[in-house]
Amino acid sequence: MFTGSIVALITPMDDKGHVCRASLKKLIDYHVASGTAAIVSVGTTGESATLSHDEHTNVVKLTLELADGRIPVIAGTGANATAEGVSLTREFEKSGVIGCLTVTPYYNRPTQEGLYQHFKTIAESSELPQMLYNVPSRTGCDLLPETVGRLAKIKNIIGIKEATGNLSRVSQIQELVDQDFVLVSGDDASALDFMQLGGQGVISVTANVAARGMAELCALSQQGDFVNARRLNQRLMHLHQKLFVEPNPIPVKWAVKRLGLIATDTLRLPMTPLTDAGRPVVEQALKNAGLL
């Protein structure tokens with residue numbers, strides 16, 4: 001359930017910035033029909049940084065309700081304060097989520113010991129499986145393989161979403177963890193290479209608009225059919241790249257709306273809608289992927 005194509009789901013909002021239940025239901029139905037392995041609800045692509053604590057928990061619980069057991073749900077529980085991470089994690093203890101995805105604390109730039117204590121404290125506050133999330137380009141700190149190796153000894157820390165794009169991290173981490181520790185990519189553009197080196201899947205932004213393609217890509221990789229996987233990945237490559245033409249989730253939210261899966265591409269400030277310059281770039285990427 002922590003492998004394959006896992007979508008980093010956007011949080012759909014109406015034109016007043018309130019969470020849109022109807023659009024969320026449509027998105028979940030789309031992923032169930034497309035073979036997505038699991039949903040990450042209110043991860044960073046889901047605008048966790050601009051939702052209140054109550055909104056955050058309510059969106060995860062609404063996602064669980066609308067999924068209705070048809071697809072596993074992973075709760076985003078990252079925070080730059082350890083106490084808030086503990087509080088969010090405890091909210092979902094008996095909710096039905098299969099686990100939590102916790103990003104490294106942003107802005108604080110803690111030491112490796114600080115990162116170790118942060119994740120250890122959160123994991124020990126709950127019985128839920130915990131997946132680490134390392135994305136230094138967004139958070140300002142890098143969870144090093146040696147620290148991952150230490151954290152992997154904690155019984156309910158079961159894997160990592162590694163989004164550095166540095167493929168050498170796969171083997172570096174594998175040397176320090178048990179064989180059942182899950183490594184998934186957090187970088188769509190290098191995810192296929194990551195899986196070919198031994199990763200078990202991807203937590204994907206691209207899957208928001210190309211759910212079936214990403215599910216097939218992961219399936220081909222798991223079967224060892226990298227010839228067809230690479231052919232498919234080449235078709236998706238412009239999406240992998242151009243969905244970051246402006247900061248995530250600005251482009252992907254516009255793209256999901258362009259495909260008619262949500263009613264508006266409203267974002268919470270300080271994020272603003274895709275610019276006039278960005279729209280034709282993302283539109284062309286959707287066309288190149290065969291989605292328009």
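This passage describes the salt bridges, two helices, the ring contacts and the unusual backbone geometry of a predicted model.

The model is predicted, and local features were accepted at pLDDT of at least 70, side-chain atom pairs at pLDDT 80 or more, whereas totals for chains, interfaces and linings use all residues. Residues are numbered from 1 along each chain as its sequence is written, and side-chain values rest on heavy atoms, with hydrogens and water left out.

Side chains of opposite charge can pair when their charged atoms come close. With a salt bridge taken as a side-chain nitrogen of Lys or Arg within 4 Å of a carboxyl oxygen of Asp or Glu, the structure holds 13 such pairs. One of them joins lysine 253 to glutamate 47, with an N to O distance of 2.4 Å. This pair links distant parts of the chain, 206 residues apart, since lysine 253 belongs to helix H11 (residues 250–258) and glutamate 47 to the loop between strand S2 (38–41) and helix H2 (53–67); helices (H or I, at least four residues) and strands (E, at least two) are DSSP runs numbered from the N terminus. Residues are called buried under 20% relative accessible area, exposed over 50% and partly exposed in between, for a 1.4 Å probe and protein chains only. Lysine 253, at 0% relative accessibility, is therefore buried, and glutamate 47 is also buried, at 4%.

Arginine 169 and glutamate 162 form a further salt bridge, at 3.8 Å from N to O. Arginine 169 is buried at a relative accessible area of 7%, and glutamate 162 is buried at 2%. In the salt bridge between aspartate 193 and arginine 230, the closest N and O atoms are 3.2 Å apart. Because aspartate 193 lies in helix H8 (residues 191–196) and arginine 230 in helix H10 (residues 226–242), this pair ties together parts that are 37 residues apart in sequence. Aspartate 193 is partly exposed, with 29% relative accessibility, as is arginine 230, with 34%. In addition, Lys25, Asp29 and Arg70 are joined into one network by salt bridges that share partners.

Helix H4 (112–124) has 13 residues, and its end C-alpha atoms are 18 Å apart, in agreement with the 18 Å that it should span at 1.5 Å a residue; the expected span of a helix is 1.5 Å times one less than its number of residues. The buried residues of H4 are Leu115, Tyr116, His118, Phe119, Ile122 and Ala123. They lie on the same side of H4, because they cover an arc of only 165° around the axis, the arc being that of the directions from the helix axis to the C-beta atoms. The elements that cover these buried residues include helix H3 (82–91), S4, strand S5 (130–134), helix H6 (145–151) and strand S6 (157–162), where contact means heavy atoms within 4.5 Å.

Helix H9 (residues 211–222) has 12 residues and reaches 17 Å from its first C-alpha to its last, close to the expected 16 Å. Its buried residues are Ala211, Gly213, Met214, Ala215, Leu217, Cys218, Leu220 and Ser221, and these pack against strand S1 (4–8), helix H1 (21–34), H8, strand S8 (201–204) and H10. Just after H9, glycine 224 adopts a positive phi of about 80°.

Two charged groups sit over tyrosine rings, a charge being counted in this way if NZ of Lys or CZ of Arg is within 6 Å of the ring centre and within 35 degrees of the ring normal. The charged end of arginine 150 is placed over the ring of tyrosine 116, 3.7 Å from its centre, while that of lysine 161 is placed over the ring of tyrosine 133, 3.9 Å from its centre.

Most residues other than glycine have a negative phi, and most peptide bonds are trans. Glutamate 47, however, has a positive phi of about 65°, and tyrosine 107 has a positive phi of about 75°. Tyrosine 107 is found in the loop between strand S4 (99–103) and H4, and is exposed, with a relative accessible area of 71%. The peptide bond from asparagine 248 to proline 249 is cis, with omega near 10°, and proline 249 lies in the loop between H10 and H11. The bond from leucine 269 to proline 270 is likewise cis, with omega near 15°, and proline 270 lies in the loop between H11 and helix H12 (278–288).
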